[in-house]
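Please look over the sequence and the model below before reading on. The paragraphs that follow take up helix packing, open and enclosed space, and a few backbone details in turn.

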Amino acid sequence: MAATSLFSCSMHTEMLAPKILKGSDVLCCPKSNFLSMKKSSKLEQMKSILQTDGIHSNALKVERAPYFSVGQKFQLDDVIEAQQFDRDILNAIFEVAQEMESIEKNSPGSQILKGYLMATLFYEPSTRTRLSFESAMKRLGGEVLTTENAREFSSAAKGETLEDTIRTVEGYSDIIVMRHFESGAARRAAATAGIPIINAGDGPGQHPTQALLDVYTIQREIGKLDSIKVGLVGDLANGRTVRSLAYLLAKYKDVKIYFVAPDVVKMKDDIKEYLTSKGVKWEESADLMEVASECDVVYQTRIQKERFGERVDLYEEARGKYIVNKDVLKVMQTHAVVMHPLPRLDEITVDVDADPRAAYFRQAKNGLYIRMALLKLLLVGW
């Protein structure tokens, strides 16, 4: 389904009008588990489910964004790019993520998404993203249909178009999580599908759910998102995670971003121009030690060999230039953290892991809560 723009939260507090399918009174999509307006509401289902789980029915209300009421339809049809979110919806999603953390720890038999099927369609290798989505779905009582290497083992190997694949897979599922090797593939999928699409990474384009979990992690680790300094380090030209993170950081006040990258993988101009247009201060630096001493967050990334094609010489030129080690930790502030979207190679030495400021494994776990929240919101609403 084509991605809708986020409604303006400041205009009013009315419930977003539900989308009605032509010739039908079914909400949102033609799947059988989206109830007719004439039948019992999702709100009533949610109350019943929450009572079954032993969770108070108002547990998912959002204190900092009260206009997102329980049972209200989520404001987005798909999650395609970081630009879809504003501060209000980010805060509300983070509140739901905290509730998901409580469910994961205290209510392992949750049935919030019972009866729903999620298809994971991954054309590129993935461990954390695919497994965290699948874990998120199962922890909420849903089921999973999965293909780990769709580029090689799906009908794409026979020449089937992405659009035909999406039309086929949506007939089997209620939501599709897709990773693709081409930038813009997620948008094409969303324009084709009649069910929600979540972009789990599209080539060097974006990785919005990673950015959401990154911002959520920063908030939990640092305690704030305004007035912070963030150093983005490594492969900034090909890193979809840092691109999406930059878009989200631009939502906050008095943020400064430092770009630390080898010349061959510097941050692209479109991100720099976007940050400038939003009044976000940014600076390029070749001195990781100096940047680390200034920042609240050092966000390290892997030099992505797979993006260099046959130019192995350029990969070798970039690899190993900036490494977070104990020397970097020595100059970092005591409250600062090191983050990484993982997997890592040698860009963070293993002796950093024991330092309490090494937040990357906590960061990965936060991805479960964010993805549980997104699946719940896209399928049943607030």
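In this predicted model, H3 passes H13 in a right-handed crossing. The two helices, H3 (128-139) and H13 (360-380), pack at an angle of about 55°, with their axes 8 Å apart. Angles from 65 to 115 degrees would count as roughly perpendicular and those under 35 as roughly parallel, and H3 and H13 are therefore oblique to each other. Two packed helices are described by the angle between their axes and the distance between the axes, and the other pairs can be read in those terms.

H7 and H8, which span residues 208-222 and 240-249, have axes that come within 8 Å and cross at roughly 55°. That angle makes H7 oblique to H8, and the crossing of these helices, H7 and H8, is right-handed. For helix H5 (residues 162-169) and helix H6 (residues 185-192), the axes come within 9 Å and the crossing angle is roughly 50°. H5 is thereby oblique to H6, and the crossing of H5 and H6 is right-handed.

Which helices supply at least two residues each of the lining of the largest pocket? They include H3 and H13, and H7 and H8 are likewise among them, so that four of the helices just described reappear here as parts of a wall. H13 gives the largest share of this lining, 6 residues. The pocket itself has a volume of about 720 Å³, and of the 34 residues that line it, the closest to its centre are Arg 128, Thr 129, Arg 179, Leu 342 and Pro 343. Sorted by class, the lining holds 11 nonpolar, 13 polar and 10 charged residues. Because domain 1 (104-206) and domain 2 (209-365) both give residues to the lining, the largest pocket lies between these two domains.

Leu 342 and Pro 343, both listed among the residues closest to the centre of the largest pocket, also deserve attention for their backbone, since the peptide bond that joins them is cis, with omega near 5°. Pro 343 is placed in the loop between strand E9 (337-339) and H13, and H13 is the helix that gives the pocket lining its largest share. Most residues other than glycine have a negative phi, and most peptide bonds are trans. Against that background one may also consider Ser 227, which is not a glycine and yet has a positive phi of about 55°. Ser 227 has its place in the loop between H7 and strand E5 (229-233).

There remains the enclosed space, for which a search of the whole structure finds 1 cavity of 30 Å³ or more. The largest cavity holds about 110 Å³ of space, and 16 residues line it, of which Ile 303, Arg 319, Gly 320, Tyr 322 and Glu 347 are the closest to its centre. By class, the lining of the largest cavity divides into 7 nonpolar, 4 polar and 5 charged residues.

Key
Residues numbered from 1 in each chain as written. Predicted model: local features only at pLDDT ≥ 70, side-chain atom pairs only at ≥ 80, totals over all residues. Heavy atoms only, no water. 1 Å grid on protein atoms, 1.4 Å probe; cavity = no way out; pocket = protein on both sides within 12 Å on 5 of 7 lines; lining within 4 Å. Points joined across faces, edges and corners; volume = space filled by probe spheres on them. Nonpolar A, V, L, I, M, F, W, Y, C, P; charged D, E, K, R; others polar. Domains from an automatic or database assignment. Axes fitted to C-alpha atoms, helices over the stretch in contact; angles between N-to-C directions. Parallel < 35°, antiparallel > 145°, perpendicular 65-115°, else oblique. Left-handed = near helix turned anticlockwise from the far one by under 90°.
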